[in-house]
Amino acid sequence: MVTITNYKQRLKEDGTTFYVLEVQGGIEMIKSKATGNFYATAKKAYVPSTFDEAICKGLIGTQMDGSIKKQDCEPYEYTIKNTGEVIELTHTYVFLPPEEIEHIPQETFKAHNIFSQNGILEPSM
């Protein structure tokens, strides 16, 4: 489940404008590599739309089925707002509707052999 939290106007290559919906997933706890402490965060993604600004504004707060997943992409520079530091990223986050989310069938894992015998978890087939 994701929530529409905002919208933004974007410019097409031909100079016309369109709107994207900012969607945010649920809360996640992430362990900091620097401190080892956990912090709360939520993934965000932008979904292009055919809606005008009034409809986008009215959709804020609407929840939709789906999730936000990390996806590899061409490297790009990103400026951290708080510090001004410029870093290179090779991933982005995308919204996936329920029918696009990959599921591992439960029958892949046999109940009598769910624990690794050699330290490597591999599903039984």
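Lining residues of a pocket are those with an atom within 4 Å of one of its grid points, and strands are DSSP runs of E with at least two residues, numbered from the N terminus. With that in hand, here's a look at this predicted model.

Start with the fold. The protein chain has one helix and eight strands, and going along the sequence you meet them as β-β-β-β-β-α-β-β-β. Of its 125 residues, 18% count as buried.

Now the largest pocket. Its space comes to about 1200 Å³, and 25 residues line it. If you want to look at the middle, go to A42, Y78, L89, H91 and Y93, which lie nearest the centre. As for who builds the wall, β8 gives the largest share of the lining, five residues. At least two residues each come from β3, β4, β5, β7 and β8. The lining is a mix by class:

| Class of lining residue | Number in the largest pocket |
|---|---|
| Nonpolar | 11 residues |
| Charged | eight residues |
| Polar | six residues |

Then there's the outside. I27, M29 and F38 form a nonpolar patch on the surface, and together they offer about 390 Å² of accessible area. I27 sits in the loop between β2 (17-24) and β3 (28-31). Is I27 buried or exposed? The cut-off for exposed is over 50% relative accessible area, and I27 has 69%, so it counts as exposed.

How values were computed. Residues are numbered from 1 along each chain as its sequence is written. This is a predicted model: local features need pLDDT of at least 70, side-chain atom pairs count only at pLDDT 80 or more; totals for chains, interfaces and linings use all residues. Side-chain values use heavy atoms; hydrogens and water are left out. Patches are made of residues with over 30% relative accessible area and no salt bridge: like charges are joined within 9 Å, nonpolar side chains (Val, Leu, Ile, Met, Phe, Trp, Tyr) within 5 Å. Accessible areas come from the Shrake-Rupley method with a 1.4 Å probe; for residues, only the protein chains shown count as cover. A salt bridge is a side-chain nitrogen of Lys or Arg within 4 Å of a carboxyl oxygen of Asp or Glu. Helices (H or I, at least four residues) and strands (E, at least two) are DSSP runs, numbered from the N terminus. Buried means under 20% relative accessible area, exposed over 50%, partly exposed in between (1.4 Å probe, protein chains only). On a 1 Å grid over the protein atoms alone, a cavity is a set of points where a 1.4 Å probe fits but cannot get out, and a pocket is an open set with protein on both sides within 12 Å along at least five of seven lines; lining residues have an atom within 4 Å of a point. Grid points are joined across faces, edges and corners, and a volume is the space filled by probe spheres set on the points. Ala, Val, Leu, Ile, Met, Phe, Trp, Tyr, Cys and Pro count as nonpolar, Asp, Glu, Lys and Arg as charged, and the others, Gly among them, as polar.
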